[in-house]
There are 2 protein chains.
Amino acid sequence: MENFITQNPTKLIFGKGSAARISGEIPADARVMVLYGGGSIKKNGAYDDVMAALRGRRVTEFGGIEPNPKYETLMKAVEAARAAETDYLLAVGGGSVIDGTKFIACALRYDGANPWDFLVDPALLKPVRPLPLAAVLTLPATGSEMNNGGVISRYSTGEKLAFHHNEVFPRFSVLDPCYCFTLPDRQVANGIVDTFAHVLEQYLTYPSQAMVQDRFAEGILLTLKEIAQPLMADHTDYDLMSNFMIAATMGLNGYIAWGVPQDWATHMIGHELTALHGLDHGVTLAIVYPALMQVLREPKAEKLLQYGERVWNIDAGSREARIDATIARTRAFFESLGIRTRLSDYGIGVSTIDAIVKRFSDRGWKLGERADVGPDTVRLILEAAM
Amino acid sequence: MENFITQNPTKLIFGKGSAARISGEIPADARVMVLYGGGSIKKNGAYDDVMAALRGRRVTEFGGIEPNPKYETLMKAVEAARAAETDYLLAVGGGSVIDGTKFIACALRYDGANPWDFLVDPALLKPVRPLPLAAVLTLPATGSEMNNGGVISRYSTGEKLAFHHNEVFPRFSVLDPCYCFTLPDRQVANGIVDTFAHVLEQYLTYPSQAMVQDRFAEGILLTLKEIAQPLMADHTDYDLMSNFMIAATMGLNGYIAWGVPQDWATHMIGHELTALHGLDHGVTLAIVYPALMQVLREPKAEKLLQYGERVWNIDAGSREARIDATIARTRAFFESLGIRTRLSDYGIGVSTIDAIVKRFSDRGWKLGERADVGPDTVRLILEAAM
């Protein structure tokens, strides 16, 4: 196990009716901005519950934060928050709204002219003291409700960049499974894939003698495997949705990452597919991961075998046959959620591969747990995903 | 899953050499008291590392906090801390030192004449604002390094009482496996049993549809099962000791408890055995748990079967045979660590059973996840432990 330092200060408030507790968590004199997306929170009950809890407070609203939240939109929110002298942000939505709110919290306190700069250069973000923020989660997937990261897209340049700051952990997050009952199939499927991929990024690397963390990672994967079909069949099952929410939060709140190597190549490649083609984040992960497993089957062999045995019960056959079966089972799991796993399924071809490889080449990025996945390997992965 | 609210603000600093980071975590102007036990920290390197990290600071020391930390001793520390105008406590040791330090942090800020009162009546503790504290862990077992609880004994009356306060989470805890290399066999064995029992208290109840929490609990139990023998054979194996530390911390830092029923009857009964006979805490758990499983095999049947199957691979035979095998396997695990699991092994007989039953009867306590384990059932459990 590697040395590590970790801390997660987010307070979780879980269960039916939990939004009523918001009023006790936000200072009485705060000027609150409630941020949300396309308006689904007005159908699933979250908006009404939040506004009821904030009755009598100084509240403004900013709606319209889109999936893969866009810099251009978020900068409008920054202006509106400044105008309202906002000093507390409450994100009500999924990972995009929460990520966007984290960005806004930083941008409001950033002295530079162009907040995009701190996404490109994290050193600029470090001295920033973001506004306090909290979240009401309505879509389990990204884990943003209990972590310190976010991902922002820029429409004008087709870029998508991640950032981290230890003061953007939500002060509290309300997790009420009932708000997720009205989610469309596509969002539930994407959320399952996203959570599954988050866990793999922190697990499917090389053995690091982190036995508890491995078991926890496998425990989340097993849970996703068990709940996927019944949850897809019925989004209104409280227990299933509860387990999905816990799996998504635990999948990226830092706990399974204690002292282990991490990969994140699939996410980085997937971000480019979203930036260039607007594919859903979950879809990009379902496309890239099986291909990445195939190309990196040797450096990841030991963990692929462990993952296959403990999650998919693949314990017979030759080493190569077991790895093949494990990759096939992973692809079949994603497909079972109604997500196609080939670039060609989305009409994406060689020109996109060339563009993505060029981007990684231009940036000089080396991806993966050994920082050895360069442009040539990215090309192999994308070709294997055709 | 039940509704829950949870937050764990402790910063963990893990790995070889981590004590050097203490100086950056404690305010430069703090008057620090370093608290420890019988002096083992002067042999395992922790004392030297801590003092080196605090060089130039205003530091006082208080040694001699014993296992099952005693009120009488801790009140001497309170006096010494007052005299030194201490405003930051640093516990260096195992759970007893950390628990004791948590108590001291509260007692220093308690207005009443007799701090024992707030152990008897938690309402008295609630308004107290404890001194900040931190820990350097040298014995994995209690999880006190990352939770908000403690257990204090009173020599004069033979009592042992637990307390909780959300402001006694250590500000940070240093976990350096190297400090544990010199632990005696007995303490490693006790620590493994204590961790195992902590997990069972939060898991071996009734099914609550908490799938991730169950998998995490099983993951810790499986890890303990796997590391126990090699770790007992070699306490200086860095990887094994690392996994033990993580298992112990994760076993009682609140994460596997999210929204699940909890038992704690074994601990409550065990505390009485320690209070009356001075048995090691881990030993009392190894005595009580198999007996409790036997007596409560029906109300706990579903989770006993799940635990047997997922942790001990017991999946064949009749329901009753599987439960029998699961209990036998648990007892054998404790015995494999060199811990005898019968009251008679310690010369304890009927008079002690009578005394403990009378105590529970006098207090009117009902134990267990259904709050239905009264004095009569406690008697059955202790008789089954003979």
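Two strands pair if DSSP finds at least two bridges between them. The exercises below apply this to a predicted model.

**Exercise 1.** In which sense do strand E1 of chain A and E1(B) pair, and over how many bridges?

*Solution.* Step 1: locate the strand of chain A; E1 covers residues 4-14. Step 2: count the bridges to E1(B), which gives seven. Step 3: compare with the cut-off of at least two bridges. Step 4: read off the direction, which is antiparallel. Step 5: take one facing pair; A:Phe14 stands opposite B:Phe4 in E1(B).

**Exercise 2.** State how much area is buried between chain B and chain A, and which residues of chain B lose the most.

*Solution.* Step 1: list the residues in contact; chain B gives 44 and chain A gives 44. Step 2: take the area buried between the two chains, about 3900 Å², with 64% of it from carbon and sulfur atoms. Step 3: rank the residues of chain B by area lost to chain A; B:Met211, B:Arg215 and B:Phe216 lose the most, together 16% of what that side buries.

**Exercise 3.** Find the polar links between the chains, then describe the side of chain B that touches chain A.

*Solution.* Step 1: count salt bridges between chain B and chain A; there are two. Step 2: examine A:Arg215, which forms a salt bridge with B:Glu226; their closest N and O atoms are 2.5 Å apart, against a cut-off of 4 Å. Step 3: count residue pairs in polar contact across the interface, both at pLDDT 80 or more; the result is 15. Step 4: assign elements; strand E1 (4-14), helix H8 (211-233) and helix H9 (238-251) of chain B each give two or more residues to this side. Step 5: sort this side by class into 21 nonpolar, 15 polar and eight charged residues.

Conventions:
Residues numbered from 1 in each chain as written. Chains lettered and ligands numbered in written order. Predicted model: local features only at pLDDT ≥ 70, side-chain atom pairs only at ≥ 80, totals over all residues. Heavy atoms only, no water. Contact = heavy atoms within 4.5 Å. Buried area = accessible area lost by both parts, 1.4 Å probe. Salt bridge = Lys/Arg side-chain N within 4 Å of Asp/Glu carboxyl O. Polar contact = N/O pair within 3.5 Å; in protein donor to acceptor, adjacent residues only side chain to side chain. Helix = DSSP H or I, 4+ residues; strand = E, 2+ residues; numbered from the N terminus. Nonpolar A, V, L, I, M, F, W, Y, C, P; charged D, E, K, R; others polar.
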